Each structure stands twice: as structure tokens, then as C-alpha cells.
Amino acid sequence: MIDWLTCKVRVASLPPFGRRLETDEEGCILVERDLPALLESHDTRVFVVPVPVADGYGLLISGNPTKYFQGHNVWGLDSWVVVTDFLSSVCERLGVGRWHIVGMSRLDITHSYVLPTELDVQAALQALSNTTAERWGRPVVKAGTVYYGHPKRARLVVYSKAPEFRRHNRASAFSAVELPPILRLELRLGRNWFDENRWYDLASDEFRLSRWREMVDRIRISELESLDISAMPRRCQKVYGLWVAGVDLAQIYSRSSLYRYAAELREFGIDIWAPYEPSKVVHLRRVLRSRPLTSADVLAGGLPLHRVA
């Protein structure tokens, strides 16, 4: 599901915007700028402001396409058609006929899994909070949400959806809806990522899914499902045994050796930078056995779904 979009579109003409003037004490204009438009839809707002683009006029459009159409972002179609429908609807409301994407600075790609109980969701989050990821290192944990990566490049965000949904829908039409225990894994591609990659590749549904899987695989959760110690090099078996025994490896090996061993052991789903926790593997196996959230779950809860032509 595409959960957020920030992009620039080229348009033939600009719709009217309000103006903000900043003056000095004598009334001389110091700054003159356009006021952004905030388009309301359901329980969300879409931010629109004019921006310069090559060969014409441009608009910066930022908002949640799925929530714009449905009023919620519990589940949605994982299709680029949702983006084109969203931009067409926004431009139509502004009186802009033709539009064309010329750049992008943020895209959120979200997938959700149903776990047996909310305690399983919290256990999985606790396990992930102590699990490093390749090239990202240790995550940052804020208010129960686990953050990997950099916000301006690529960031993987993991959290429990049901509490967040209740918090944001207390006064909405969905306040009585009870969601099942949902673990959400959200890939947020930021400005620096788009500086190095072509935005239009993301129009491919298969490409978006492959990028999401690539980032999730950095945590190597799937490799915790089974571990064949005999397949390890003998030197790594010794390090693994010391790690399981709780020995401080930094007291035995140099930092350069630890980095080398950490890289080798990560191929087996082992993170020697984090303390050994037998329960971690159990909790993450539950995540692996969980099933994806489906449209049937959402419809059963009485939530609407956006349909495309």
C-alpha cells in the first residue's frame, strides 16, 4: 500500500493561491510568498503549494492517497493507479486540467501482518528493538515505534497499528471499529533516496515490492527461523559459542576482528553486537508465521475500501 506521497507535478497553469506579505515597520514589503492550499478529505489534509519547475508551472503535492479516498489507511490497494487517481482528484479540485509528475521527494510503502494477540505484536517490537540491521546498525525506539535507517534516505518503521488507529480515530466515523493485532512495516523513501534513484521506477508494483523486501531483509528476520551451526566456519563457531555464553567479546577480540566476525555471522542471521536473547528467536518466528492483513479483514471491520476503474 502507498501510504504517503510528496511529489512535484508540472501543470499548464496555476490555480489561485493566497499571498502572505511580511513588511518592516515602515510598511515596505520584505517577503512575499504564496500560501499553501490545504484540501480536506475525510479525516486528512492534502498540502499543495506552487513551486518552480522547468518549462512551466509546478505544484508540490503532499498527502496520503489511501486515506484521502478511504478515510483510513489500515489497508489499501498496492497499485500505482491509486497515485494517479489521487493526483487527478487533487488537480481537478484545484481546477487544473493536465498534470505530469516531474519529481518526487517522499514515498511510503506499507505492508501489515496480523498476529494472534497484541502481546505478540509488542513482543515482536521488543525483539526488533534489540536487533541490528545491515548497513543501518541499531534501531531507534520512540514511543513503542522502531526506526531503522535515515529519514532523508531510506527508513524502515515498525509499529503496532491498532493503538495508532484508535488514537487518531476517536472522533471519526471509525471510532467504534476494533482492529485485529497488526504489526506494520513501513518503508519510507526520502529526498536523498530520490536524488540517487529514478522516481518513475516506483510506478512498477513489482519494483516497489522488491524495494520493500530488500529493506526488510536487512534485518534478516527470515534467517532466524533456522540455524545450522555446522555450516559456520570453525572460527565463527567459537565466536558464536562465546556470544551465547554471554562473554564480552570486546575483551577478547580487537574491534577490527569483531567487525569481520560480525559480518560473517550476519550471513547466518546472528548479530553479535546485541546481547544474546533466546526469546528473540521465538518472538520473531511468530512474526514469520503471521499472515498478511487482507481486504477481507478490513471489510469485516466495517471499513470502506477505494475501488479503481
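**Exercise 1. A charge over a ring**

Which residue lies over the face of Trp-136, and at what distance from the ring centre?

*Solution.* Keep in mind that this is a predicted model. Start at Trp-136 and look at what lies over its face: you will find Arg-218, at 4.5 Å from the ring centre. Now move to Phe-207 for another case. Here the charged end of Arg-211 sits over the ring, 4.5 Å from its centre.

**Exercise 2. The whole chain**

Describe the protein chain by its helices, strands, burial and surface.

*Solution.* Begin with the elements: the protein chain has ten helices and twelve strands. Next comes burial, where 47% of the 309 residues count as buried. The accessible surface is about 16000 Å², and carbon and sulfur atoms hold 51% of that area. Finally, take the contacts between residues at least 6 apart in sequence: 68% of them join residues at least 24 apart.

**Exercise 3. Aromatic pairs**

Find how the rings of Tyr-68 and Phe-86 are arranged, and say which parts of the chain they tie together.

*Solution.* A pair of aromatic rings is described by two values, the distance of the centres and the angle of the planes. The structure holds eight aromatic pairs, and one of them is formed by Tyr-68 and Phe-86. Their centres are 5.2 Å apart, with 80° between the planes. Planes over 60 degrees apart count as edge-to-face, so this pair is edge-to-face.

Now locate the two residues. Tyr-68 belongs to helix H1 (residues 65-70) and Phe-86 to helix H2 (residues 81-93), so the pair links parts that lie 18 residues apart in sequence. To judge burial, use the cut-off of under 20% relative accessible area. Tyr-68 has 4%, so it is buried; Phe-86 has 0%, so it is buried as well.

For practice, try Trp-193 and Phe-194. Their ring centres are 5.1 Å apart and their planes stand at 80°, so this pair is also edge-to-face. Both Trp-193 and Phe-194 are buried. To finish, return to Tyr-68: together with Phe-69 and Phe-86, it forms one aromatic cluster.

**Exercise 4. A pocket and a cavity**

Which element gives the most residues to the lining of the largest pocket, and which gives the most to the lining of the largest cavity?

*Solution.* Take the pocket first. The largest pocket holds about 540 Å³ of space. It is lined by 29 residues, and those closest to its centre are Tyr-159, Lys-161, Glu-164, Arg-167 and His-168. Several elements give two or more residues to this lining, among them strand E1 (2-11), strand E7 (99-114), helix H3 (118-129) and helix H4 (161-168). H4 gives the most, with six residues.

Then turn to the cavity. There is one cavity of 30 Å³ or more, and the largest cavity has about 40 Å³ of space. Its lining includes Pro-65, Thr-66, Phe-69, Gln-70 and His-306. H1 gives the most here, with four residues.

**Exercise 5. A residue in a loop**

Is Ile-272 buried or exposed, and which residues is it in contact with beyond its neighbours within four places in sequence?

*Solution.* First place the residue: Ile-272 is in the loop between helix H8 (255-266) and helix H9 (278-289). Its relative accessible area is 9%, under the 20% cut-off, so Ile-272 is buried. Apart from those sequence neighbours, Ile-272 is in contact with Val-239, Trp-243, Leu-249, Leu-258, Tyr-261, Ala-262 and Leu-265. Look at Ala-262 in particular: this residue is ten places from Ile-272 along the chain, and their C-alpha atoms are separated by 6.1 Å.

Conventions: Residues are numbered from 1 along each chain as its sequence is written. This is a predicted model: local features need pLDDT of at least 70, side-chain atom pairs count only at pLDDT 80 or more; totals for chains, interfaces and linings use all residues. Side-chain values use heavy atoms; hydrogens and water are left out. Buried means under 20% relative accessible area, exposed over 50%, partly exposed in between (1.4 Å probe, protein chains only). Contact means heavy atoms within 4.5 Å. Accessible areas come from the Shrake-Rupley method with a 1.4 Å probe; for residues, only the protein chains shown count as cover. Rings of Phe, Tyr and Trp (its six-membered ring) pair if their centres lie within 6.5 Å; planes under 30 degrees apart count as stacked, over 60 as edge-to-face and the rest as tilted. A charge sits over a ring if NZ of Lys or CZ of Arg is within 6 Å of the ring centre and within 35 degrees of the ring normal. On a 1 Å grid over the protein atoms alone, a cavity is a set of points where a 1.4 Å probe fits but cannot get out, and a pocket is an open set with protein on both sides within 12 Å along at least five of seven lines; lining residues have an atom within 4 Å of a point. Grid points are joined across faces, edges and corners, and a volume is the space filled by probe spheres set on the points.
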